[in-house]
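Work through these exercises with the structure open beside you. Each task is followed by a solution in steps.

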Amino acid sequence: AIERVARCHRHPTTSVHLTTRTTTMSEKNASKADANGEAAISAADAKYAVDPAALQTLRDSVPWMKDPKYFTKVALSPSAVMKIMMHCQSGVEKGIAKGGNPIEVMGMLLGRPDPITPKTLVITDAFPLPIEGFETRVVADDDDVTNHMIALGEALEKTRRERFCGWYHSHPFELGDHSHCFLSQTDLTTQLQWQRLEDPHGNPFVAIVVDPLRSAAMEIPELKAFRAYPPEYSPKANEMPDGQIEPREKIRLEYWGSCWNRYYELDVEYFMSSVSRTVMERLTQDYLWMRTLTRTTPAIRTAALESAAQQYKVAASSVASSSSSRVMSAGAAGAPTSEAYAQARAEQAMAAVAAMAVAPSPAATVGPSGGSSKVPFLSEKAIKLQKATHEISQVAAEQVCDDTLQQIKEQIFA
């Protein structure tokens with residue numbers, strides 16, 4: 001399947017006319033900067049300015065064929081990162097919805113080597129594939145999937161200057177002390193096949209592995225990029241993919257899998273154009289629409305609820321103990337002293353205070369010697385219980401608001 005896709009990728013049925021431009025975007029920007037005395041374009045903007053001649057020269061020279069660790073960095077665009085993370089998270093939700101484990105997913109990466117920084121692979125876009133797998137096994141060996149990849153590649157050849165230059169998949173394993181981003185035996189075999197077929201033709205391939213569960217827990221993308229060593233290459237003894245030397249085999253296997261010495265890790269960075277950055281800053285600072293339509297993270301909501309519950313528990317226990325003491329005192333004078341009666345009185349006291357959660361603030365109440373008032377006098381313990389009850393009500397209201405906004409967001413951006 002990989003050979004079929006690679007063969008059609010190298011020999012597309014449609015011609016690409018975009019590479020015939022005589023004046024590139026980078027050349028125009030350079031000319032404009034020279035004429036007006038302006039500063040050169042930023043490094044992030046330069047990743048969008050492709051020079052076809054320089055790119056083709058880099059592809060023809062294939063320097064990565066001479067150095068197994070030639071590439072050191074992968075630069076991801078916002079579009080690529082968002083598509084990758086959304087696809088991987090959908091696999092988690094789909095598997096759990098079916099009552100089972102999260103599902104591994106796979107997709108292709110669109111990009112190119114960067115002529116400006118030759119040891120960097122620029123990933124500009126990502127395309128999910130209809131592939132699902134389990135337990136470190138994601139294989140694209142279905143004819144329908146293969147035909148889909150071929151058709152997608154041919155369609156992109158018409159309008160895009162980039163090519164397929166990598167693939168991604170998820171490792172949605174249980175949360176642990178470290179990341180689950182590594183290459184399994186199956187992953188390594190797939191990556192090595194891609195590199196053998198594409199690297200010699202000026203199209204270096206990279207593999208990205210995503211840990212969606214850890215990403216959700218840490219609230220940042222947890223992903224790593226890798227390239228496989230050729231079979232004839234021998235790395236340093238006990239050298240792990242991140243370049244560190246680890247003599248303990250248990251650690252090497254735990255962090256990097258059984259193939260820990262057959263691939264290496266590339267640094268991952270993210271880039272955004274100056275125009276996109278300006279727009280995002282304006283939206284987040286001036287309009288705060290992202291904060292309005294973003295769900296509060298579960299960790300923050302859980303912490304607030306636990307804090308309110310603890311306050312309520314302490315206040316309720318205090319009121320209950322006071323009620324029990326009064327009942328016991330009355331019992332000494334001949335009144336009923338059953339524990340059931342004391343508990344009932346305590347529950348009545350807590351219910352009465354909870355019902356006043358929406359009443360005017362305690363500062364507006366009048367004490368026993370201050371005359372009549374519609375709001376009964378509350379002791380210090382009762383006031384604490386009222387505040388704790390109000391806090392719980394506020395957390396619940398915020399949760400309902402978040403759920404409503406989430407439904408609105410899904411309708412708007414569906």
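**Exercise 1. Helix 4 and its cover**

Task: Which strands are included in what covers the buried residues of helix 4? Then sort the helix into its buried and exposed sides.

Solution:
- The cover over the buried residues of helix 4 includes strand 2 and strand 4. Keep in mind that this is a predicted model.
- Helix 4 spans residues 52-61, and its buried residues are Pro52, Leu55, Leu58 and Arg59. Viewed down the helix axis, these fall within an arc of 130 degrees, so they line one face.
- Exposed residues Ala53, Thr57 and Asp60 sit on the face turned away from that buried side.
- Now check the start of the helix. There, a side-chain oxygen of Asp51 comes to within 3.2 Å of the backbone nitrogen of Ala53.

**Exercise 2. Two positive phi values**

Task: Where are Val62 and Asn238 found, and are they buried, partly exposed or exposed?

Solution:
- Start with the general expectation. Most residues other than glycine have a negative phi.
- Val62 has a positive phi, near 35 degrees, and is not a glycine. Val62 comes just after helix 4, in the loop between helix 4 and strand 1.
- The relative accessible area of Val62 is 16%. The buried class is under 20%, so Val62 is buried.
- Asn238 also has a positive phi, near 65 degrees. Asn238 belongs to the loop between strand 6 and helix 9.
- At a relative accessible area of 28%, Asn238 is partly exposed.

**Exercise 3. Helix 5: length and sides**

Task: What should helix 5 span at 1.5 Å a residue? Then find its buried side.

Solution:
- Helix 5 covers residues 78-97, which is 20 residues. The expected span is 28 Å, and the end C-alpha atoms are 28 Å apart, which agrees.
- Next, list the buried residues: Ala80, Val81, Ile84, Met85, His87, Cys88, Gly91, Val92 and Gly95. They cover an arc of only 160 degrees around the axis, which puts them on the same side of helix 5.
- The spacing follows a general rule. An α-helix has 3.6 residues a turn, so residues three or four places apart point the same way.
- The other side of helix 5 carries exposed Met82, Met86, Glu93, Ile96 and Ala97.
- Gly99 follows the helix, with a positive phi near 85 degrees.

**Exercise 4. Ser215 and its surroundings**

Task: Which residues does Ser215 contact, leaving aside its neighbours within four places in sequence?

Solution:
- Locate Ser215 in helix 8, residues 212-218. Ser215 has a relative accessible area of 6% and is buried.
- The Ser215 side chain reaches the backbone oxygen of Asp211 at 2.8 Å.
- Beyond its neighbours within four places, Ser215 contacts Met85, Val210, Ile220, Pro221 and Glu222. Met85 is one of the buried residues of helix 5.

**Exercise 5. The partners of strand 7**

Task: Which strand runs parallel to strand 7, and which pairs with strand 7 in the antiparallel sense?

Solution:
- Strand 1 (residues 73-76) runs parallel to strand 7 (residues 263-270), and four bridges join them. Lys73 stands opposite Asp267 of strand 7.
- Strand 6 (residues 223-228) is the antiparallel partner, again over four bridges. Here Ala228 is bridged to Tyr263 of strand 7.

**Exercise 6. Cores and a distant neighbour**

Task: Which members of the largest nonpolar core touch the most other members? Then follow Leu183 to Gly257.

Solution:
- The largest nonpolar core has 28 residues, and Met108, Phe164, Trp167, Leu183, Trp256 and Tyr263 touch the most other members. Apart from this core lies another, of 27 residues, including Leu58, Tyr70, Ala80 and Tyr264.
- Leu183 is 74 residues from Gly257 in sequence, yet their C-alpha atoms are 6.8 Å apart.
- Gly257 lies in the loop between helix 9 (249-256) and strand 7. Gly257 is buried, at a relative accessible area of 11%.
- Leaving aside neighbours within four places in sequence, Gly257 contacts Phe182 and Arg252.
- Finish with the whole chain. Among contacts with a separation of 6 or more, 73% join residues 24 or more positions apart.

Note on methods: Residues are numbered from 1 along each chain as its sequence is written. This is a predicted model: local features need pLDDT of at least 70, side-chain atom pairs count only at pLDDT 80 or more; totals for chains, interfaces and linings use all residues. Side-chain values use heavy atoms; hydrogens and water are left out. Helices (H or I, at least four residues) and strands (E, at least two) are DSSP runs, numbered from the N terminus. The expected span of a helix is 1.5 Å times one less than its number of residues. Buried means under 20% relative accessible area, exposed over 50%, partly exposed in between (1.4 Å probe, protein chains only). The arc is that of the directions from the helix axis to the C-beta atoms. A polar contact is a pair of N or O atoms within 3.5 Å; within protein, one must be able to donate a hydrogen and the other to accept it, and residues adjacent in sequence count only if both atoms are side-chain atoms. Contact means heavy atoms within 4.5 Å. Two strands pair if DSSP finds at least two bridges between them. A nonpolar core is a set of buried Ala, Val, Leu, Ile, Met, Phe, Trp, Tyr and Cys residues joined through side-chain atoms within 4.5 Å.
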